[in-house]
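User: I am new to this structure and would like to learn how to read its features one at a time. Could we start with the cysteines and then move on to the sheets and the cores?

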Amino acid sequence: MYTRLLATPTRSVLLFGPRGTGKSTWIRARFPDVPTYDLLNTGESLRLNREPGVLFDELEHLPNGSWAVVDEVQKAPALLDEVHRLIETRGLRFVLSGSSARKLRRGGVNLLAGRATTVSMFPLVSAELGFDIDVERTLRFGMLPVAVTEEDPPDYLRSYAETYLDQEIRAEALTRNLGAFARFLEVAAGQNGQTTNAASIARDAGVARATVRNHLDVLTDTLIGCRLPAWKLKSATRQVAHSKFYLFDCGVTRALSGRAAYPLTPEERGPLLETLVIGEMRAYLAYSGLHYPLHFWRNHHGTEVDVLCETAQGFVGVEIKAGARWERRFNRGLHTVRSDLGADRTTCHGVYMGARDAVFDGVAVHPVLGFLRRLWDGGILG
């Protein structure tokens, strides 16, 4: 069993997270006896889309401060006007969950003007499982709750990929050509963790470059992926400017690229380990309320740092390697960044698949689980 780290809110929240991360389970556990509208229920969704004012009529009798839940609110964006009215006139509080922000952010709908806090839910993280995880299994199957507990994760993950295409893309009419989107998705998943090359993806998927850019936006808006932007050192004049793109979960990445049923290959390990570590860093920053942005850095000579984060205490650089042995050459990018940003303001860490902590030329190197323990204890990002 596990306990989710996302805190129970005291005011209205917009809760976003990819499908399958456990939003509905968390809501039922934290708000077991409140009026709930599940918009995955087709009848309920049709009823409220047809007449959004029904929500006000059905909830206006509740006492001031009462809670109500609207699950998958993006399926009826007009309800946000009624939610706004109930917050303002009746003092109600809402949990509004969603697995896609596209219609809400792009449709000009009411986002409650600060009357609700936006929070994110991620797949399970190591801290929620007491750091009792098998890293090899996690790289292969990911950390979605069902993938962690399921006896046959590949079957679940294949079903997840099909459901995403059917319910998030087709049902929401996010593209006119589902077949082309599916081809794009497989190619994009195969390039997970790489610097975004729209021309290469377009060529391999057989679509236009403009279509690739739109589809990457769809992945971001449906919370399946995120961009890791390049950090621009002010003193540098020649650095990579394109972002990297990461999908949100190792298992989903492998399912979307058609690899869920197969053992890990050496080529997969590096990007998947980055996906795992960066995902945990994003979750830590969100759940702790720090919200520092993450970046990567690479110059035109190929020197790279996988993650660079500016915190209130200074800069943190993290290099991630999937090998069992740390080599001093892995420190090259960290030393370059530390030289540019100042040794007294920059802390450098390495993460690898080895078994022991070590220090190499001022870089603190950690096994994967050791790094994650320090992260969630506040010892990496503060």
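Analyst: A disulfide is here a pair of cysteine sulfur atoms within 2.5 Å. Please keep in mind throughout that this is a predicted model.

User: With that cut-off, how many disulfides does the structure hold?

Analyst: In general, a disulfide is a covalent bond between the sulfur atoms of two cysteines. In this structure there are 0 disulfides.

User: Why is the sulfur of Cys250 without a bond to the closest cysteine sulfur?

Analyst: The closest cysteine sulfur to that of Cys250 belongs to Cys226, and because the two are 12 Å apart, they are too far for a bond. Cys250 is also buried, its relative accessible area being 2%. A similar reading can be made for Cys309, whose sulfur lies 13 Å from the closest cysteine sulfur, that of Cys348, and so is too far for a bond; Cys309 counts as buried as well, at 0% relative accessibility.

User: How should I read a sheet, and in what order do the strands of the open sheet with 5 strands run?

Analyst: Strands of a sheet pair through backbone hydrogen bonds, either parallel or antiparallel. Here the 5 strands form an open sheet in the order E2-E3-E4-E1-E5, and their pairing is parallel. Strand E2 (36-38) and strand E5 (117-120) stand at the edges with a single partner strand each, so one side of each has no neighbour in the sheet. On average, and with direction ignored, neighbouring strands of this sheet are turned by 15° against each other.

User: Which helix packs on this sheet, touching E3 and E4?

Analyst: Let us look at the strand pair before the helix. Strand E3 (residues 67-71) pairs with strand E4 (residues 93-98) in the parallel sense over 4 bridges, and Val70 stands opposite Leu96 in E4. Helix H4 (residues 79-90) packs on the sheet and touches both E3 and E4, its direction making about 160° with that of E4.

User: What is the pairing in the open sheet of 6 strands?

Analyst: The pairing there is mixed, with the 6 strands in the order E8-E9-E10-E11-E13-E12. Its edge strands are strand E8 (294-298) and strand E12 (358-360), each of which pairs on one side only. Neighbouring strands of this sheet are turned by 30° against each other on average, direction ignored. As an antiparallel example, strand E9 (residues 304-311) and strand E10 (residues 314-320) pair over 5 bridges, with Glu310 opposite Phe315 in E10. H13 packs on this sheet, touching E8, E9, E10 and strand E11 (346-352), and its direction makes about 150° with that of E10. Helix H14 (residues 332-341) packs on the sheet too, where it touches E8, E9, E10, E11 and strand E13 (363-367), at about 35° to the direction of E9.

User: How many Å should helix H13 span, given its 22 residues?

Analyst: An α-helix has 3.6 residues a turn, so residues three or four places apart point the same way. At 1.5 Å a residue, helix H13 (residues 266-287) should span 32 Å, and the 32 Å between its end C-alpha atoms agrees with this. Just after H13, Gly289 takes a positive phi of about 80°.

User: Which residues have the most contacts inside the largest nonpolar core?

Analyst: They are Met281 and Leu381, in a core of 46 residues, and the largest share of this core, 10 residues, comes from H13. Beyond its neighbours within four places in sequence, Leu381 is in contact with several residues, including Met281, Tyr284, Cys309 and Val316. A second, separate core has 34 residues, among them Leu157, Leu185, Ala205 and Val207.

Terms used: Residues are numbered from 1 along each chain as its sequence is written. This is a predicted model: local features need pLDDT of at least 70, side-chain atom pairs count only at pLDDT 80 or more; totals for chains, interfaces and linings use all residues. Side-chain values use heavy atoms; hydrogens and water are left out. Two strands pair if DSSP finds at least two bridges between them. Helices (H or I, at least four residues) and strands (E, at least two) are DSSP runs, numbered from the N terminus. Axes are lines fitted to C-alpha atoms, for helices over the stretch in contact, and angles run from 0 to 180 degrees between N-to-C directions. Contact means heavy atoms within 4.5 Å. The expected span of a helix is 1.5 Å times one less than its number of residues. Buried means under 20% relative accessible area, exposed over 50%, partly exposed in between (1.4 Å probe, protein chains only). A nonpolar core is a set of buried Ala, Val, Leu, Ile, Met, Phe, Trp, Tyr and Cys residues joined through side-chain atoms within 4.5 Å.
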